[in-house]
Amino acid sequence: MKVLVIGGTADGRKLATQLFELGFDVVYSIAGIVRKATVPGPVISGGFTQFGGLEKYITDKKITHLVDATHPFAEKMSHTISQVTERLSIPAIRFHRKQWLKTENDHWIEVLAWPELIEKVAQHQSLFMTAGQISQDIIEQLAKQAKHLLLRTAMPARAILPSNVTWLKAIGPFLLEDEKQLLQEYKIDAIISKNSGGEATYAKIQAAAQAGIPVYQFKRPQLAPLQYEFDNAADCIALLQTCLASSKLSKSAFAPSGASTEFKNEI
């Protein structure tokens with residue numbers, strides 16, 4: 001049994017580490033755009049094109065189980081995982097953390113696409129954008145409407161930024177007091193966010209609620225379904241442990257009478 005964990009979040013990295021420490025034969029994959037993954041087991045960085053694609057990698061490396069622990073908004077990769085694992089008939093698990101739930105103190109305006117958002121934020125003067133990399137066209141449209149834009153990303157913006165856009169490089173987790181100070185310093189009157197879930201970036205949502213400013217929240221996309229889907233690591237691990245136990249039992253059934261444990265595990 002060999003498990004491929006395709007990451008993209010801290011949760012994925014932690015899961016791969018737990019599986020390795022539990023004795024699984026696990027490989028962790030990360031795009032490597034933001035930072036290098038620090039996990040104890042084998043890591044591949046930069047995607048699967050270098051190996052001829054995901055399907056070829058799975059086949060060549062004899063991967064038996066795959067965990068999709070990508071970012072909840074990584075639609076393209078999740079779609080590829082769904083298609084490839086179905087073609088190869090290997091068990092596939094999606095592990096995405098729970099999305100944030102709106103509280104009575106939140107003022108959220110949920111959106112599905114950029115055109116919708118651009119129309120709705122026209123009333124605001126100072127926007128705080130925390131929705132990842134933004135295209136040149138979108139950044140220019142927003143810059144024309146607002147007096148000032150604050151863009152925070154983990155890596156330098158790919159777009160050429162207009163003069164009224166301030167870029168901040170930062171990687172969570174973020175603290176509530178720091179987020180509150182940021183909103184005050186830049187006189188932010190609205191936040192643009194993705195409903196990524198998790199604790200690392202939730203402080204901005206809390207800060208917005210306390211300041212009484214709206215959050216324009218992108219809804220999570222509808223992803224292609226996988227065989228198993230969980231929102232916590234414990235369930236992922238429990239399922240994989242069950243699979244591992246079944247695999248060992250199946251192998252031992254084919255071992256000749258009196259064969260050693262070592263020999264059984266090699267079949």
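**Exercise 1. A sheet and its helices**

Take strand β7 (residues 126-130) and strand β8 (residues 148-153): state how many bridges join them and in which sense they run. Then place both strands in their sheet and describe the helix α5 that packs on it.

*Solution.*

Step 1. β7 and β8 run parallel and are joined by four bridges. Leu127 has Leu149 of β8 as its bridge partner. Two strands count as paired if DSSP finds at least two bridges between them. Helices (H or I, at least four residues) and strands (E, at least two) are DSSP runs, numbered from the N terminus.

The model is predicted: local features need pLDDT of at least 70, side-chain atom pairs count only at pLDDT 80 or more, and totals for chains, interfaces and linings use all residues. Residues are numbered from 1 along each chain as its sequence is written, and side-chain values use heavy atoms, with hydrogens and water left out.

Step 2. The sheet is open, has six strands with parallel pairing, and follows the order β6-β11-β10-β7-β8-β9. Its edge strands, β6 (108-111) and β9 (165-169), each pair on one side only. On average, neighbouring strands are turned by 20 degrees against each other, direction ignored. Axes here are lines fitted to C-alpha atoms, for helices over the stretch in contact, and angles run from 0 to 180 degrees between N-to-C directions.

Step 3. Helix α5 (residues 136-145) packs on this sheet and touches β7, β8, β9 and β10 (190-194). The direction of α5 makes about 145 degrees with that of β8. Contact means heavy atoms within 4.5 Å. Helix α7 (residues 203-211) lies across β6, β7, β8, β10 and β11 (215-218), at about 150 degrees to β10.

**Exercise 2. The other sheet and strand β4**

Give the strand order of the sheet that holds β4, follow the bridges of β4 to its partners, and decide whether His65, Leu66, Val67 and Asp68 are buried or exposed.

*Solution.*

Step 1. The order in this open sheet of six strands is β3-β2-β1-β4-β5-β12, with parallel pairing. β3 (43-45) and β12 stand at the edges with a single partner strand each, so one side of each has no neighbour in the sheet. From one strand to the next the twist averages 20 degrees.

Step 2. Strand β1 (residues 3-6) runs parallel to β4 and is joined to β4 by four bridges; Ile6 has Asp68 as its partner there. Three bridges join β4 to strand β5 (residues 92-95), again parallel, and Val67 is partnered by Ile93. β5 and β12 in turn pair in the parallel sense over three bridges, with Arg94 opposite Glu229.

Step 3. Helix α1 (residues 10-21) lies across β1, β2 (26-30), β4 and β5, at about 165 degrees to β2. Helix α3 also packs on the sheet, touching β1, β4 and β5, and its direction makes about 160 degrees with that of β4.

Step 4. In a regular strand the side chains alternate between the two faces of the sheet. In β4 (residues 65-68), His65 and Val67 are on one side, Leu66 and Asp68 on the other, and all are buried. Buried means under 20% relative accessible area, exposed over 50%, and partly exposed in between (1.4 Å probe, protein chains only).

**Exercise 3. Leu223**

Locate Leu223, state whether it is buried or exposed, and list what it touches.

*Solution.*

Step 1. Leu223 is in the loop between β11 and β12 (228-230). Leu223 counts as buried because its relative accessibility is 16%.

Step 2. Leaving out residues up to four places away in sequence, Leu223 touches Pro72, Glu75, Ser78, Arg94 and His96. The C-alpha atoms of Leu223 and Lys76 are 9.0 Å apart, although their positions lie 147 residues apart along the chain as a sequence separation.

**Exercise 4. Backbone exceptions**

Identify which peptide bond is cis, and give phi for Ser89 and Lys187.

*Solution.*

Step 1. Most residues other than glycine have a negative phi, and most peptide bonds are trans.

Step 2. The bond from Gly172 to Pro173 is cis, with omega near 10 degrees. Pro173 is in the loop between β9 and α6 (176-185).

Step 3. Ser89 is not a glycine, yet its phi is positive, about 55 degrees. Ser89 lies in the loop between α3 (75-88) and β5 and, at 63% relative accessibility, counts as exposed.

Step 4. Lys187 has a positive phi near 50 degrees. Lys187 is in the loop between α6 and β10 and counts as exposed at 66% relative accessibility.
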